[in-house]
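Got your viewer ready? Load the model below and we'll walk through it stop by stop.

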Amino acid sequence: MSNFEISSKFSPSPDQSRAIKDIVKSVKSGSHYQTLLGVTGSGKTFTMANVIKELNMPTLIMTHNKSLAAQLYSEFKGFFPKNHVEYFISYYDYYQPEAYIPRSDLYIEKDSDVNSELERLRLSATASLLSFDDVVCVASVSANYGLGNPNEYQGMVQYLNVGDKISQRALLGRLVDMGYKRNDNYFDRGDFRVNGDVLDIYPAYYNDEALRIEFFGDEIELMYHFDVLDNKKLKQIPKFTLYATSQFIVGADRLKVAIKQIEEELCERLAEFNAAGKLVEAQRLKQRVEFDLEMMNSTGMCKGIENYARHLTGQKSGETPYTMFDYFELGDKDYLVIVDESHVSLPQFRGMYAGDRSRKEVLVEYGFRLPSALDNRPLKFDEFINKRAKFLFVSATPNELEINLSAGHVYHQILRPTGLLDPLIDIKDSDNQVEILFDEAKAVIARAERVLVTVLTKKTAEELSRYYSELGIKVKYMHSDIDAIERNEIIRGLRSGDFDMLIGINLLREGLDLPEVSLIAVMDADKEGFLRSTTSLIQTMGRAARNINGKVVMFAKKITKSMQEAMDTTLARRKLQDEYNRANGIVPRSATRNIEESLHTQDEGELYNKSKNLEKMPAAERAKIVKELRKQMLEAAANLEFEKAAALRDEIAKIRKL
């Protein structure tokens with residue numbers, strides 16, 4: 001079994017070492033659940049990496065949103081450069097689920113835009129799990145959604161060895177069964193092409209390399225990787241394992257059985273509708289399913305094929321669907337599941353099933369889908385939490401659920417490697433909170449530091465931003481109406497000093513790492529609710545724990561229970577941290593973190609358009625431009641800059657049309 005090797009110039013701090021040792025001991029002793037309670041800035045990610053190294057188990061790291069998943073993926077790629085770190089999130093850039101609204105007789109068809117790079121990364125994750133033991137897979141909630149049967153997927157593997165006797169024609173037929181398409185003109189992922197005795201295959205999960213197989217009669221004479229951009233030979237190989245283009249791929253025999261079962265279910269459902277006098281629903285269902293069956297018979301696929309997952313996987317009604325977990329459980333290997341920001345992630349996992357089912361029940365009732373579509377679903381929470389994996393919940397503010405599950409196996413990481421203390425807390429009267437904050441902010445800005453302000457409504461964020469701007473403060477607001485790219489630009493602008501104050505609602509909590517911020521202002525802190533709960537207040541205050549001058553001002557008329565609990569927790573941690581620093585001669589220092597590159601990019605294709613007339617340009621020159629843009633697109637995708645990659649992809653498509 002391959003070992004995990006950490007690459008880092010740092011060694012675990014004493015507090016981190018203690019947490020690592022205790023967690024590893026707990027897992028090895030057979031404990032099913034354990035919790036790491038680590039304060040903001042204490043290096044929880046580095047602790048997680050060391051736990052993985054010590055346990056030497058395949059690991060699934062889950063979090064509640066794509067942004068945090070991308071950040072974790074980048075960090076773990078850095079920690080484990082010699083191992084297989086994979087990324088598994090939803091492959092949709094845009095997704096509108098299928099739905100029906102009876103009261104207005106409005107049917108909303110499923111609409112989506114698949115990101116091919118994210119699809120490749122998902123396929124790479126499942127392929128790595130079937131091939132290697134040293135796998136770390138960073139995933140969003142997508143890991144809880146249904147996938148195809150991993151045993152069926154494993155059965156669609158094609159093993160290729162130099163010297164094997166196999167006819168080219170037979171191999172081409174096998175490739176088609178595995179979902180690959182012949183394309184001799186434009187060679188892309190999931191394609192193959194043939195030139196005499198030479199067969200090129202572009203594995204669906206590869207980035208910029210493809211496989212070339214040279215035949216001598218019916219024997220594989222030579223195999224090597226080559227660069228798809230410049231066609232250069234890279235590495236000669238004696239053997240290769242090729243996986244299918246989709247986790248939903250099934251063999252011909254399984255597909256025949258599935259089609260027969262779908263036909264039988266359709267007959268039963270039509271009989272029910274007709275007996276109940278629901279002729280419109282019966283006609284609607286008959287037309288849709290028969291069309292899908294015709295597509296499956298002719299191509300092996302159809303739009304919305306995931307709604308027939310139960311039949312394709314051979315499962316019974318109500319059985320737990322296959323998910324990413326089943327790929328980890330192939331071969332009865334032990335594995336670890338780390339739930340990051342568990343206080344948010346676990347409640348989100350719990351709510352997924354009910355929301356999905358309520359939408360699909362309406363579709364089934366009105367004849368848009370067969371009842372078996374209900375089995376295309378995410379895991380129920382009990383199914384998730386009772387997986388045979390070892391669980392590690394990680395949070396600065398774990399809920400009672402994690403604490404109770406861990407039953408005495410809760411480990412604390414309170415001390416920061418930087419020696420920073422939890423921030424000071426000041427309570428001020430909310431009657432004049434706007435004016436008082438203005439004076440506090442001016443002092444902070446004079447030190448070239450930044451201010452975060454959290455309010456309760458979008459309107460307040462916008463009006464307060466406008467008011468402070470008129471008083472001369474460089475300020476911006478951020479809330480849910482602002483798209484992801486602009487949010488990243490706003491955060492980047494705050495850190496780089498383009499403006500000094502950021503006002504928001506619930507976006508200033510988990511996962512926001514801003515060392516330049518030294519003042520957090522909580523407006524109307526005594527308004528009890530989700531945004532002013534103990535957990536939310538502790539998380540918000542933690543944003544000031546990366547600067548040596550960190551301070552929190554809470555504006556309130558009274559001290560609520562949530563405020564008191566948050567203050568007690570923060571002050572207790574601060575006392576412990578200060579005592580440790582004094583005992584060990586540690587001088588606190590502000591954290592540092594590089595400022596990310598802007599996601600906005602000049603449209604390179606447009607630059608070419610300005611300088612040259614593409615329509616009159618020779619085809620060879622256009623091909624060079626496409627080659628260069630494709631290289632930039634792949635680099636952007638590899639760096640998780642998917643918006644930039646999408647812009648380059650669209651420009652390549654425009655040029656290719658010429």
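The tour starts with the whole chain and then moves to aromatic rings.

A quick word first: this is a predicted model, where local features need pLDDT of at least 70, side-chain atom pairs count only at pLDDT 80 or more, and totals for chains, interfaces and linings use all residues. Residues are numbered from 1 along each chain as its sequence is written, and side-chain values use heavy atoms, with hydrogens and water left out.

Show the whole chain as a cartoon. You'll find 21 helices and 25 strands, taken as DSSP runs (H or I, at least four residues, for helices; E, at least two, for strands) numbered from the N terminus. Along its principal axes, the C-alpha trace spans about 80 × 65 × 60 Å. Of the 658 residues, 52% are buried, meaning under 20% relative accessible area with a 1.4 Å probe, protein chains only.

Now switch to the aromatic side chains: there are 25 pairs, counted for Phe, Tyr and Trp (its six-membered ring) when ring centres lie within 6.5 Å.

Select Tyr-73 and Tyr-87. Their ring centres are 4.7 Å apart with planes at 25 degrees, so they are stacked (planes under 30 degrees apart). Tyr-73 sits in helix α3 (residues 66-79) and Tyr-87 in strand β3 (residues 84-88), 14 residues apart. Both are buried.

Next, pick Phe-391 and Phe-393. This pair is stacked too, with centres 6.0 Å apart and planes at 25 degrees. Phe-391 is buried at 0% relative accessibility, and Phe-393 is buried at 0% as well.

Last stop: add Tyr-33, Phe-325, Phe-349, Phe-381 and Phe-384 to your selection, and you have the cluster that ring pairs link together with Phe-391 and Phe-393.

How values were computed: Buried < 20%, exposed > 50% of the residue type's maximum accessible area, 1.4 Å probe, protein only. Phe/Tyr/Trp six-rings, centres within 6.5 Å; stacked < 30°, edge-to-face > 60°.
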